[in-house]
Amino acid sequence: MSILVNKDSKVIVQGFTGKEGTFHASQCIDYGTQIVGGVTPGKGGQEHLGKPVFNTVEEAVNSTGATVSMIFVPPAFVADAVMEAADAGIELAVIITEGAPVKDMMYAKMYATKKGMKTIGPNCPGIITAEECKIGIMPGNIFKKGNVGLISKSGTLTYEASHQVVQEGFGITTAVGIGGDPIIGLSYKQLLPMFEADPETEAIVMIGEIGGDLEIQAAEFIKENISKPVVAFIAGQTAPKGKRMGHAGAIISGGSGTAAEKMEALEKAGVKVVVSPADIGKAVKEVLSK
Amino acid sequence: MNIHEYQAKQIFQKYGVPTPRGRVAFSVNEAVEAAKELGGNIWVVKAQIHAGGRGLGGGVKLAKSIEEVEEHTKNILGMTLVTHQTGPEGKLVQKVYIEEGADIKSEFYLGMLLDRAAEMPVMMASTEGGMEIEKVAAETPEKIVKVNIDPTIGFQGYHGRKLAFGLGLPKEEIGTFIKFAKALYDVYMDNDAEMIEINPLIKTGDGKFLALDAKMGFDDNALGRHPDIEDMRDLSEEEPTEVEAKRYGLSYVKLDGNVGCMVNGAGLSMATMDIIKHEGGEPANFLDVGGGANPETVAKGFEIILEDPNVKAIFVNIFGGIVRCDRVANGILEATKMTEVNVPVVVRLDGTNALEAAEILRNANIENIITAESLADGAKKVVAAAKGE
């Protein structure tokens, strides 16, 4: 078992024939993901990476039965791509693109929600169900199959966490990179109950960072609703106030959104919070040996 | 990206958000000319820097004659203004805004930003004009009225009424206030603003609302569709090394410690700073070299880090994914040929092909490159190296 995606998920790629789309789609195909086609307006009818190319998402969905879309279009076209996917009945859009304007995502997410489409990202590594389905840009070999669910705002820190979990002798069910932008799709609060309900997931790792209050919301949610052990690390304990740390959303504004307040809230909710990012694997081992 | 008060007011005026009349001046002569042109018998000379608290630092002065305009401008232009937002080093004032005096009857606060939890903009107003809004929020949150504005319906009368009644405005002033707030909403949405702050918003003796101050920040990701706003960028207000880093696609933030960091990915970069602190050191910077970590970006990264004389050791922490570690190792070796690195460099490469990478670095046998086995090992080694151990 896993959450959201598995070996049967049918995936199309929006921005299929571009440089990024091509490279990562072929990596996903190598991993075993069922990439059933792609969309590049104007290139409909062609074949790319051995898969059909369509002009519109609607055509792609009608002819392939895809339910998931992986989006690689340039930042200025992200909102358009997301809304097109939502309109065509896609159930989950995984938005990899970095640099989409906040205003665009505000409209795109509202429309996706109205149409019942889930979104992941933008500005994220994607989602991977270990040894079944990779929809994103993460190195697949780092994610061995196991019993730990992973939710993270950061790309390389997700790989780091999975690597540590694997080194301790465990593995991953599904890992979701939720992205570090101010407005994102699925977040801790929506993903935690999915992992809670997944029989194969026995522990959950959540990686957060400074800025916003999603981790605080997660803490409140965990307290009431999550019985599985949760390990958390919050990046940016040493970040200065008012400075944007790489991710558009990673900023302590008006003194709120600090790592300290998030760590405290999570601890109060019974989460095993690690101070050092090198201790994530060890903490997973600890909670799973109890 | 942030802009100056005078620039924000230019945008305001375009949208019909009323402000006092004013002119920007880069010299004493220009300031005097500006005051004469504006006319009247009272002016305010305001330092233009990207930081709040200018008045308390001596950067805002009232002038009751042209001679006083001249005198204040002489004092303010070229001064290093220190406010609670500039840090102790302060900011050099290179321009002033000469504004006509206003007849202030009462002062308010009006601001707009993204409410990340609601995923839509929020407009906030307070009767505590002139005070820092964070302070008001912490001490007397009941004095702040907020209203979320769903962009799919836009600014409606009821949004304005909620704020106006919340501020306790008399009935006859509600209409004027709503017009003001609606125009401000348009400024925010049309220009992809990230933040607007009017503090204070004043009511004049004749019942008008005026933006006496104006602060604006923009979504960097949207600047591509606002060339007019990008033109307002004042690079002298930004940290020069950060600007340089950005030109090479690197994301850099200077900090106060002595352990330089070069990392791939923003989250891992922050985590690396955290673990350095955890091991008893102090990070000198945040530096995300991005996914590629090729010889050119790594070399540029070394250069940028070493521009800071405090740096005593550097921690290169790369988690190789699709970019294999052996390639990154070769990149690091190349980079050390391209730029001189005269401090110990602790390199931790983990992930795809990590063993091959370690081999490459060992065989290269470069004196100041120390290899590390893991994140914790690397952090310990670099903190020790920075201490000269």
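The following legends describe close-up views of a predicted model that contains chain A and chain B.

**Figure 1. Chain B as a whole, in the predicted model.**
The secondary structure of chain B consists of 13 helices and 19 strands. Taken along the principal axes, the box filled by its C-alpha atoms is roughly 80 × 50 × 40 Å. Chain B has 389 residues, and 53% of them are buried. When contacts between residues at least 6 apart in the sequence of chain B are considered, 68% of them join residues at least 24 apart. The chain exposes about 16500 Å², and 49% of this area comes from carbon and sulfur atoms. Chain B carries 41 positive and 60 negative charges, and the mean positions of the two sets lie 4 Å apart.

**Figure 2. The interface between chain A and chain B.**
On the side of chain A, 56 residues take part in the contact, and they meet 46 residues of chain B. Together the two chains bury about 3800 Å², with carbon and sulfur atoms accounting for 62% of that area. Three residues of chain A, namely T156(A), T238(A) and M245(A), provide 15% of the area that chain A buries against chain B, which is more than any other three residues provide. Six salt bridges are counted between chain A and chain B.

**Figure 3. D192(B), a residue with a salt bridge to chain A.**
The partner of D192(B) in this salt bridge is K103(A), and the closest N and O atoms of the pair are 3.8 Å apart. D192(B) is located in the loop of chain B between α6 (171–190) and β11. Its phi is positive, at about 50°, although the residue is not a glycine. D192(B) counts as buried because its relative accessibility is 3%, the cut-off for a buried residue being under 20%.

**Figure 4. The cis peptide bond before P200(B).**
The bond that leads from N199(B) to P200(B) is cis, with omega near 10°. P200(B) belongs to strand β11 of chain B, which covers residues 193–204.

**Figure 5. The loop between β7 and β8 of chain A.**
This loop lies between β7 (118–120) and β8 (126–129) and contains P122(A). The peptide bond from G121(A) to P122(A) is cis, and its omega is near 10°. N123(A) is placed in the loop between β7 and β8 as well. Its phi is near 55°, a positive value in a residue other than glycine. How accessible is N123(A)? Its relative accessibility is 12%, so N123(A) counts as buried.

**Figure 6. A salt bridge between strand β14 and helix α9 of chain A.**
Over all chains, the whole structure holds 41 salt bridges. One of them joins the side chains of K272(A) and E286(A), at 3.2 Å from N to O. The pair links distant parts of the chain, with the two positions 14 residues apart: K272(A) is in strand β14 (residues 272–273), whereas E286(A) is in helix α9 (residues 280–289). K272(A) counts as partly exposed because its relative accessibility is 29%. E286(A) has a relative accessible area of 41% and is therefore partly exposed.

**Figure 7. The salt bridge of K282(A) and D279(A).**
In this pair of chain A, the closest N and O atoms are 3.1 Å apart. Both side chains fall in the partly exposed class, with K282(A) at 48% relative accessibility and D279(A) at 25%.

**Figure 8. A salt bridge within helix α12 of chain B.**
The side chains of R362(B) and E359(B) meet in a salt bridge, at 3.5 Å from N to O. Because the two residues are three apart in helix α12 (residues 354–364), about one helical turn separates them. R362(B) is partly exposed, its relative accessible area being 47%. E359(B) is also partly exposed, with a value of 40%. Elsewhere in the view of chain B, a network forms from salt bridges that share partners, and its members are E5(B), K9(B), K46(B), R54(B), E99(B) and D213(B).

How values were computed
Residues are numbered from 1 along each chain as its sequence is written. Chains are lettered from A and ligands numbered from 1 in the order in which they are written. This is a predicted model: local features need pLDDT of at least 70, side-chain atom pairs count only at pLDDT 80 or more; totals for chains, interfaces and linings use all residues. Side-chain values use heavy atoms; hydrogens and water are left out. Helices (H or I, at least four residues) and strands (E, at least two) are DSSP runs, numbered from the N terminus. Buried means under 20% relative accessible area, exposed over 50%, partly exposed in between (1.4 Å probe, protein chains only). Contact means heavy atoms within 4.5 Å. Accessible areas come from the Shrake-Rupley method with a 1.4 Å probe; for residues, only the protein chains shown count as cover. Lys and Arg count as positive and Asp and Glu as negative; His and the chain ends are not counted. The place of a charge is taken as NZ of Lys, CZ of Arg, CG of Asp or CD of Glu. Buried area is the accessible area (1.4 Å probe) that two parts lose on being put together, summed over both. A salt bridge is a side-chain nitrogen of Lys or Arg within 4 Å of a carboxyl oxygen of Asp or Glu.
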